[in-house]
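Here is a short round of questions and answers. Each one sets a value against its definition.

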Amino acid sequence: MKILRAIAWMLILALTAAVVRAQDAPPPPKVMLVKAGHLFDARTGRMLDRQAILIRGERIEKIGPASELAPSEGATVVDLGDATILPGLIDCHVHLTSDPENAGYKGLGISIPRETLTGAKNARLTLLAGFTTVRNVGSSGYSDVALRDSIIAHELPGPRIVASGPTLGSTGGHCDETYLAPEYGYHDPTVADGVPAVLNKTREVIKFGSDIIKFCASGGVFSRGDLPSTTQYSREEMAALVAEARRQHRKVAAHAHGADAIIEAAKAGVDSIEHGSLINDEGIRTM
């Protein structure tokens, strides 16, 4: 009888484990067949007619003539009629959490939570415009990091976001644009002067979720007290920032209008020059 009881318990445990495994098994991926009158093939540069795209889960499985791609059982069919399908576009420089109407002193009344909600609106509009990936280079606090994470969690519609978080800069520079009088004694939280401080801030923004490090190598056009032509980080500061970002597998974007700042940033090894408005022949050669 003891043997029979043991066998019975083993059967019960085996059946229970099978039920648990069945409950834990992920549901099969959704299948969608999208039909359209035209499709732009970016690899060949050709416009193809009467095409269909078979999507399984989050992956495109096959693209071909609509006459050759029949929907499988249970698949959702989306017929776009005579519309044209394009590959997802990529915008390499956006500020989703900003609103140009709030530039200057008006922006002092805009909180970081409010900017994040502005980002949610702009992320949806950007996706509907056909951009499936953006690089958000500069935000107050970590509003773009929060936005990125919410989109990844499928809580909000929006493109994939490569987020920089707050931009590093020097005291009184373009990335220290506080607009406040001296008696307030306020500096932007990511101001960093000198190599040790630059290293610390670079590590800090990575800690809090930045995908890419952005810093102000030159002055800007919307800030007080500086000029776009001025260089705002020393060669040593730029080199230290880039080296630390490399060590932690992050790319670096440099806001740089002036020719000298472009040259110094390029020599430091940055991955991109943002704006480059006043570039000269030497800057082009250096890049």
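**Reading the chain**

Q: How do you know how far apart the mean positions of the positive and negative charges are?
A: Lys and Arg count as positive, Asp and Glu as negative, while His and the chain ends are not counted. Each charge is placed at NZ of Lys, CZ of Arg, CG of Asp or CD of Glu. The mean positions of the 30 positive and 33 negative charges of the protein chain are 10 Å apart.

Q: What should I know about the model?
A: This is a predicted model: local features need pLDDT of at least 70, side-chain atom pairs count only at pLDDT 80 or more, and totals for chains, interfaces and linings use all residues. Residues are numbered from 1 along each chain as its sequence is written, and side-chain values use heavy atoms, with hydrogens and water left out.

Q: What makes helix H3 mostly covered?
A: Buried means under 20% relative accessible area (1.4 Å probe, protein chains only). In H3, residues 143-152, 7 of the 10 residues are buried. Among them are Val 145, Leu 147 and Ile 151.

Q: What do the buried residues of H3 pack against?
A: They pack against helix H2 (112-128), strand S7 (131-136) and strand S8 (160-163). Helices (H or I, at least four residues) and strands (E, at least two) are DSSP runs, numbered from the N terminus.

Q: How does the radius of gyration of the protein chain compare with that of a compact globule?
A: The radius is taken over C-alpha atoms, and the globule rule is 2.2 Å times the number of residues to the power 0.38. For 287 residues a compact globule would be near 19 Å, but the chain has 26 Å. Its C-alpha atoms fill a box of roughly 85 × 65 × 40 Å along the principal axes.

How values were computed:
Buried < 20%, exposed > 50% of the residue type's maximum accessible area, 1.4 Å probe, protein only. Contact = heavy atoms within 4.5 Å.
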